[in-house]
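Got the viewer open and a selection box ready? Let's take a walk through this one, stop by stop.

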Amino acid sequence: MPDFDRSSDDDTSVDSRDDESQNSELQFSEDEETLVVRMFKLVGERWSLIAGRIPGRTAAEIELYWNSRNSTSG
């Protein structure tokens, strides 16, 4: 049972790390921003293709970044 207790503690710490990683997902360098814009103009919303050109980034991170920067409200 102690193993089970540690697992639930680990789950809590993983959840807090997930929150931190979501915040850091939107932290893109200037080079990454430029590349995302250029690639978007070439291939559109093909996030996996764009992510393939940026080491360490996932398609979901690219899409989240793009949508947060380019949302049209109103």
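Start by selecting S48, which counts as exposed at 54% relative accessibility. Keep in mind that you are looking at a predicted model. S48 sits in helix α3. Now add E63 to the selection: S48 and E63 are 15 residues apart in sequence, and their C-alpha atoms are 9.1 Å apart in space.

**Zoom out to the whole chain**

Switch to cartoon view. What does the protein chain hold in the way of helices and strands? There are four helices and zero strands, so reading from the N terminus you get α-α-α-α. Colour by accessibility next: of the 74 residues, 19% count as buried. Put a surface on, and the chain exposes about 5,800 Å², with 47% of that supplied by carbon and sulfur atoms. If you like contact maps, draw one here. Among the contacts between residues at least 6 apart in sequence, 46% join residues at least 24 apart.

**The salt bridge**

Drop the surface and show E32 and R57 as sticks. How many salt bridges does a search of the whole structure find? The search comes up with one, and the side chains of E32 and R57 make it, at 3.0 Å from N to O. E32 lies in helix α2 (residues 30–43) and R57 in the loop between α3 (47–51) and α4 (59–69), so the pair ties together parts that are 25 residues apart in sequence. As a reminder of the chemistry, side chains of opposite charge can pair when their charged atoms come close.

Are the two partners buried or exposed? Both E32 and R57 are buried. For E32 the relative accessible area is 17%, and the cut-off for buried is under 20%, so E32 qualifies. Expand the selection around E32 and, leaving out residues up to four places away in sequence, you will find that E32 touches Q27, I54 and R57.

**Down to I62**

From R57, move along to I62 in helix α4. I62 counts as buried, with 0% relative accessibility. Which residues does I62 touch, not counting those up to four places away in sequence? Select F28, V36, W47, I50, A51, I54 and R57. Two of these names have come up already: I54 and R57 also touch E32. While you are here, run a distance from I62 to L26: the C-alpha atoms are separated by 8.6 Å, although the two residues are 36 apart along the chain.

**Where α2 meets α4**

Now show just these two helices. Two packed helices are described by the angle between their axes and the distance between the axes. Here, the axes of α2 and α4 come within 11 Å and cross at roughly 90 degrees. The two helices are therefore roughly perpendicular to each other. To see who makes the contact, select E33, V36, V37 and F40 on the α2 side, then I62, Y65, W66 and R69 on the α4 side. Colour that set by residue class and you get six nonpolar, no polar and two charged.

**Last stop: W66 and V37**

Stay at this crossing and centre on W66, which is found in helix α4. W66 is buried, with a relative accessible area of 14%. Leaving aside its neighbours within four places in sequence, W66 is in contact with V36, V37, F40 and W47. W47 should ring a bell, as I62 touches W47 too.

Finish by picking V37, in helix α2. Is V37 buried or partly exposed? V37 is partly exposed, at 35% relative accessible area. Measure across to W66 and the C-alpha atoms come out 8.6 Å apart, with the two positions 29 residues apart in sequence numbering.

Methods
Residues are numbered from 1 along each chain as its sequence is written. This is a predicted model: local features need pLDDT of at least 70, side-chain atom pairs count only at pLDDT 80 or more; totals for chains, interfaces and linings use all residues. Side-chain values use heavy atoms; hydrogens and water are left out. A salt bridge is a side-chain nitrogen of Lys or Arg within 4 Å of a carboxyl oxygen of Asp or Glu. Buried means under 20% relative accessible area, exposed over 50%, partly exposed in between (1.4 Å probe, protein chains only). Contact means heavy atoms within 4.5 Å. Axes are lines fitted to C-alpha atoms, for helices over the stretch in contact, and angles run from 0 to 180 degrees between N-to-C directions. Angles under 35 degrees count as roughly parallel, over 145 as roughly antiparallel, 65 to 115 as roughly perpendicular and the rest as oblique. Ala, Val, Leu, Ile, Met, Phe, Trp, Tyr, Cys and Pro count as nonpolar, Asp, Glu, Lys and Arg as charged, and the others, Gly among them, as polar. Accessible areas come from the Shrake-Rupley method with a 1.4 Å probe; for residues, only the protein chains shown count as cover.
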